[in-house]
Amino acid sequence: MRLLVLGGTRFLGWAAAAEAVRRGHEVVCAARGVAGAVPEGARLVVVDRDREDGLAPLVGERFDAVVDVATISHPWVRRALDALGEGAGHWTFISSISAYADFSTPPTGTGDRVLAPRAEHGDRPLTDPGLYGAVKVASEEAVRAAVGDRAFVVRAGLISGPGDEHDRFGYWVNRFSRGGRAVVPDADHLIQHVDVRDLAAWVVTAAEQGTTGTFDGVGPAVPLLDLLDGVREVAGGGAEPVLVPEQALVDLGVRPWAGPQSLPLWLTPPHRYMGARDAGPALAAGLEPRPLADTVAGAMEREVELGLDRQPRGAGLTPDEERAVLAAVDAT
């Protein structure tokens with residue numbers, strides 16, 4: 001199989017390219033080439049997706065399958081489809097569960113209501129919290145319109161494992177490995193993640209087998225505290241979880257989910273069911289989640305690479321912030 005990865009120099013794009021090379025496929029990665037190197041065995045074609053003619057170096061090439069990991073850019077997706085869609089046998093677009101419009105009620109499947117599409121380009125850090133999901137919806141629509149029943153749309157959830165750039169899953173691996181009293185949200189909601197290597201393997205398998213349709217790219221949902229207990233056991237360090245009521249965390253200025261001064265993966269009522277998507281269809285279609293211990297080990301590799309004591313992090317509490325929360329809890 002001749003596979004094109006639009007990206008391929010970081011996280012999921014890199015993992016998909018590496019997996020395809022491992023299976024013996026011919027892999028081309030189209031990227032600027034500034035975020036990192038492509039996997040050994042893949043070929044880099046330098047492109048600039050910000051330009052209308054930025055994919056010109058690929059003109060005339062044909063691929064059995066294309067994987068597009070464009071993050072927040074409908075123009076990138078449209079240009080790729082215009083240039084390559086007609087000749088591609090299979091087209092994977094990595095979307096996001098952020099495409100859904102409502103996380104306050106239990107989900108029913110990929111037919112759930114999505115955000116109004118916005119055919120725009122966005123850059124991180126985002127100042128408009130709704131833009132990411134809305135751009136994904138517009139991009140999904142463009143993919144389906146251009147390649148029809150050759151489309152494999154993956155609405156990915158929280159992606160974990162090596163190379164993670166968002167600090168959420170890795171925060172807990174890091175924190176528990178350092179031991180001591182660790183602030184943990186006393187929350188009973190479900191949460192789910194998918195290891196980047198498992199998601200990448202599924203994407204390559206889908207291209208090999210011609211799998212199409214729209215799927216939530218998520219692992220099985222588990223109670224948040226069960227997941228954190230599992231991470232703590234694997235990470236070692238002997239950390240002592242200190243369960244703090246959700247309202248107390250809110251009152252102390254701790255943020256949910258992500259970002260500075262946060263407890264990652266904790267979901268408050270407006271987003272309570274974001275980690276409760278049905279993994280069944282993805283599992284039936286070939287997604288194979290690995291044991292939690294493997295994901296924790298991969299996340300720890302990334303944490304060590306970046307520095308266990310680094311500050312600031314993209315998400316989580318600093319040691320000083322955690323001490324302040326513990327002091328407030330102890331004083332009550």
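Biologist: What makes the link across the interface of domain 1 and domain 2 a salt bridge, and how many does the rule find there?

Modeller: In this predicted model, the rule finds one salt bridge across the interface of domain 1 and domain 2. The side chains of D112 and R277 meet at 3.2 Å, N to O. The cut-off is 4 Å between a side-chain nitrogen of Lys or Arg and a carboxyl oxygen of Asp or Glu, so the pair of D112 and R277 qualifies.

Biologist: Which stretches of the chain are called domain 1 and domain 2?

Modeller: The domain assignment gives residues 2-156 as domain 1, while domain 2 is made of 168-192, 220-277 and 289-325. Their centres, taken over C-alpha atoms, are separated by 29 Å. Ten residues from domain 1 and eight residues from domain 2 take part in the contact.

Biologist: How do you know what area is buried between domain 1 and domain 2, and which atoms give it?

Modeller: The size of an interface is often expressed as the accessible area lost when the parts come together. Between domain 1 and domain 2 the buried area is about 760 Å², and carbon and sulfur atoms give 65% of it. On the side of domain 1, I97, F103 and P107 supply 66% of the area buried against domain 2, more than any other three residues.

Biologist: How many residue pairs are in polar contact across this interface?

Modeller: The rule finds five such pairs between domain 1 and domain 2, with both residues at pLDDT 80 or more. The residues on the side of domain 1 that touches domain 2 comprise five nonpolar, four polar and one charged.

Biologist: What makes a space in this model count as a cavity, and how many are there?

Modeller: A 1.4 Å probe must fit but be unable to get out. With a threshold of 30 Å³ or more, the count comes to one cavity. The largest cavity has a volume of about 50 Å³, so this value meets the threshold of 30 Å³.

Biologist: Which residues line the largest cavity?

Modeller: The lining consists of I97, G157, L158, I191, Q192, V218, W257, M274 and G275. By class, six are nonpolar, three are polar and none is charged. G157 and G275 belong to the polar class because Gly is counted there.

Methods. Residues numbered from 1 in each chain as written. Predicted model: local features only at pLDDT ≥ 70, side-chain atom pairs only at ≥ 80, totals over all residues. Heavy atoms only, no water. Domains from an automatic or database assignment. Contact = heavy atoms within 4.5 Å. Buried area = accessible area lost by both parts, 1.4 Å probe. Polar contact = N/O pair within 3.5 Å; in protein donor to acceptor, adjacent residues only side chain to side chain. 1 Å grid on protein atoms, 1.4 Å probe; cavity = no way out; pocket = protein on both sides within 12 Å on 5 of 7 lines; lining within 4 Å.
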